[in-house]
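Please look through the sequence and the model below, and keep both at hand while reading the paragraphs that follow.

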Amino acid sequence: MKLTMTAAITARWGHRVDGLIHTHAWTLEATVHGDEDAPMVMPVDDLERTLCELVEPWEKHYLTHEDLGEWKGFQPIVWENEPTVEEIARHLWRLVQERVPQLESIALTESTEFDRCRTVRLAA
(Lines give C-alpha, C1' and ligand atoms only; values in the text may rest on other atoms or scores of the structure.)
Protein backbone atom coordinates (compact mmCIF):
# COMPACT_ATOMS: atom_id res chain seq x y z
CA MET A 1 0.00 0.00 0.00
CA LYS A 2 1.12 3.57 -0.59
CA LEU A 3 -0.13 7.03 0.20
CA THR A 4 -0.63 9.46 -2.69
CA MET A 5 -1.32 13.16 -2.91
CA THR A 6 -2.38 15.10 -5.99
CA ALA A 7 -1.93 18.82 -6.59
CA ALA A 8 -3.40 20.70 -9.54
CA ILE A 9 -2.87 24.10 -11.10
CA THR A 10 -4.48 25.93 -13.98
CA ALA A 11 -2.47 27.94 -16.51
CA ARG A 12 -2.93 29.34 -20.02
CA TRP A 13 -0.66 28.91 -22.99
CA GLY A 14 -1.05 28.15 -26.67
CA HIS A 15 0.06 25.37 -28.92
CA ARG A 16 0.14 24.67 -32.62
CA VAL A 17 -1.28 21.30 -33.63
CA ASP A 18 -2.22 20.23 -37.15
CA GLY A 19 -1.33 23.72 -38.38
CA LEU A 20 -3.73 25.50 -36.01
CA ILE A 21 -2.44 27.85 -33.30
CA HIS A 22 -4.84 28.19 -30.39
CA THR A 23 -4.82 28.72 -26.64
CA HIS A 24 -6.36 26.81 -23.77
CA ALA A 25 -6.72 27.03 -20.08
CA TRP A 26 -4.88 23.89 -19.03
CA THR A 27 -5.14 21.94 -15.81
CA LEU A 28 -1.97 20.18 -14.78
CA GLU A 29 -2.13 17.57 -12.03
CA ALA A 30 0.80 15.81 -10.44
CA THR A 31 0.44 12.88 -8.07
CA VAL A 32 3.24 11.90 -5.73
CA HIS A 33 3.56 8.84 -3.52
CA GLY A 34 5.00 8.00 -0.15
CA ASP A 35 4.90 5.35 2.54
CA GLU A 36 1.41 4.49 3.72
CA ASP A 37 2.21 5.63 7.25
CA ALA A 38 3.95 8.89 6.26
CA PRO A 39 2.48 11.92 8.05
CA MET A 40 2.81 13.83 4.74
CA VAL A 41 3.87 12.76 1.26
CA MET A 42 5.34 16.21 0.61
CA PRO A 43 4.20 19.76 1.29
CA VAL A 44 1.41 20.43 -1.22
CA ASP A 45 2.46 24.07 -1.52
CA ASP A 46 5.90 22.92 -2.70
CA LEU A 47 4.40 20.72 -5.39
CA GLU A 48 2.01 23.45 -6.56
CA ARG A 49 4.87 25.95 -6.65
CA THR A 50 6.98 23.56 -8.71
CA LEU A 51 4.18 23.07 -11.25
CA CYS A 52 3.65 26.83 -11.53
CA GLU A 53 7.36 27.49 -11.98
CA LEU A 54 7.63 24.88 -14.74
CA VAL A 55 4.78 26.24 -16.88
CA GLU A 56 5.22 29.95 -16.11
CA PRO A 57 7.69 30.41 -19.02
CA TRP A 58 4.95 29.19 -21.40
CA GLU A 59 2.49 31.97 -20.49
CA LYS A 60 2.02 34.42 -23.37
CA HIS A 61 3.68 31.84 -25.64
CA TYR A 62 2.56 29.13 -27.97
CA LEU A 63 4.33 25.81 -28.26
CA THR A 64 5.19 24.84 -31.82
CA HIS A 65 7.57 22.67 -33.81
CA GLU A 66 7.93 25.39 -36.46
CA ASP A 67 8.56 29.07 -35.68
CA LEU A 68 5.79 31.15 -37.24
CA GLY A 69 6.63 34.33 -35.34
CA GLU A 70 4.29 36.28 -33.10
CA TRP A 71 0.62 35.28 -33.07
CA LYS A 72 -1.94 37.53 -31.33
CA GLY A 73 0.74 38.73 -28.91
CA PHE A 74 1.96 35.20 -28.20
CA GLN A 75 5.61 34.38 -28.93
CA PRO A 76 6.67 30.91 -30.16
CA ILE A 77 8.60 28.36 -28.15
CA VAL A 78 9.95 25.86 -30.65
CA TRP A 79 9.98 22.17 -29.74
CA GLU A 80 11.48 19.28 -31.64
CA ASN A 81 8.10 17.50 -31.91
CA GLU A 82 4.61 18.78 -32.60
CA PRO A 83 3.20 19.85 -29.19
CA THR A 84 0.15 17.61 -28.99
CA VAL A 85 -1.43 17.15 -25.58
CA GLU A 86 0.39 13.81 -25.37
CA GLU A 87 3.75 15.40 -26.19
CA ILE A 88 3.20 18.22 -23.68
CA ALA A 89 2.35 15.64 -20.99
CA ARG A 90 5.54 13.69 -21.77
CA HIS A 91 7.56 16.91 -21.62
CA LEU A 92 5.98 17.87 -18.30
CA TRP A 93 6.68 14.41 -16.90
CA ARG A 94 10.39 14.86 -17.56
CA LEU A 95 10.43 18.36 -16.05
CA VAL A 96 8.50 17.44 -12.92
CA GLN A 97 10.35 14.16 -12.33
CA GLU A 98 13.69 16.02 -12.30
CA ARG A 99 12.46 18.05 -9.33
CA VAL A 100 10.04 15.62 -7.67
CA PRO A 101 11.50 12.09 -7.60
CA GLN A 102 8.42 10.57 -5.92
CA LEU A 103 6.26 11.51 -8.94
CA GLU A 104 3.68 8.85 -9.67
CA SER A 105 1.58 10.40 -12.41
CA ILE A 106 0.94 13.49 -14.49
CA ALA A 107 -2.43 14.47 -15.93
CA LEU A 108 -2.87 17.29 -18.41
CA THR A 109 -6.37 18.45 -19.29
CA GLU A 110 -7.30 20.86 -22.05
CA SER A 111 -9.98 23.24 -20.88
CA THR A 112 -13.70 22.75 -21.13
CA GLU A 113 -14.10 26.20 -22.70
CA PHE A 114 -15.46 24.74 -25.91
CA ASP A 115 -17.89 22.17 -24.48
CA ARG A 116 -15.30 19.44 -24.62
CA CYS A 117 -12.06 18.49 -22.99
CA ARG A 118 -9.48 15.77 -23.05
CA THR A 119 -7.09 14.52 -20.43
CA VAL A 120 -3.82 12.71 -21.01
CA ARG A 121 -2.30 10.81 -18.11
CA LEU A 122 1.15 9.34 -17.67
CA ALA A 123 1.90 7.05 -14.75
CA ALA A 124 4.99 5.33 -13.44
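Strands β1 and β2 run antiparallel and are joined by 16 bridges, strands here being DSSP runs of E with at least two residues and helices DSSP runs of H or I with at least four residues, both numbered from the N terminus. The two strands form a hairpin with 2 residues between them, and Asp 18 in the turn has a positive phi of about 55°. Within this pairing Gly 14 has Thr 23 of β2 as its bridge partner, while Gly 14 also stands opposite Tyr 62 in β3.

This is a predicted model, in which local features need pLDDT of at least 70 and side-chain atom pairs count only at pLDDT 80 or more, whereas totals for chains, interfaces and linings use all residues. Residues are numbered from 1 along each chain as its sequence is written, and side-chain values use heavy atoms, with hydrogens and water left out.

The hairpin belongs to an open sheet of 6 strands, with mixed pairing and the order β4-β3-β1-β2-β5-β6, where two strands pair if DSSP finds at least two bridges between them. The edge strands, each pairing on one side only, are β4 (75–78) and β6 (119–123). On average, and with direction ignored, neighbouring strands of this sheet are turned by 35° against each other. On the way to the β4 edge, β1 and β3 run parallel and are joined by 2 bridges, and β3 (residues 61–64) in turn runs parallel to β4 through 4 bridges, with Tyr 62 standing opposite Pro 76 in β4.

The helices can now be placed against this sheet. Helix α1 lies across β1 and β2 and runs at about 15° to β1, the angle being taken between N-to-C directions, from 0 to 180 degrees, of lines fitted to C-alpha atoms, for helices over the stretch in contact. Helix α2 lies across β1, β2, β3, β5 and β6, running at about 145° to β5. The end C-alpha atoms of α2 are 21 Å apart, which agrees with the 21 Å that its 15 residues should span at 1.5 Å a residue, the expected span being 1.5 Å times one less than the number of residues.

Several residues of α2 are buried, including Ile 88, Leu 92, Trp 93 and Val 96, where buried means under 20% relative accessible area with a 1.4 Å probe and protein chains only. Their cover includes β1, β2, α1, β3, β5 and β6.

The largest nonpolar core has 29 residues, and Trp 13, Leu 28, Leu 47, Val 55, Trp 58, Ile 88 and Leu 108 have the most contacts inside it; such a core is a set of buried Ala, Val, Leu, Ile, Met, Phe, Trp, Tyr and Cys residues joined through side-chain atoms within 4.5 Å. At least two residues of this core come from each of β1 (2–17), β2 (20–35), α1 (44–55), α2 (85–99) and β5 (103–110), and α2 gives the largest share, 6 residues. Leaving aside neighbours within four places in sequence, Leu 28 is in contact (heavy atoms within 4.5 Å) with residues including Ala 7, Ile 9, Leu 51, Val 55, Leu 92 and Leu 108.

Taken as a whole, the chain has 2 helices and 6 strands, which follow the pattern β-β-α-β-β-α-β-β along the sequence. Buried residues make up 43% of its 124 residues. Of the contacts in the chain with a separation of 6 or more, 55% are between residues 24 or more positions apart.

Definitions and conventions. Buried means under 20% relative accessible area, exposed over 50%, partly exposed in between (1.4 Å probe, protein chains only).
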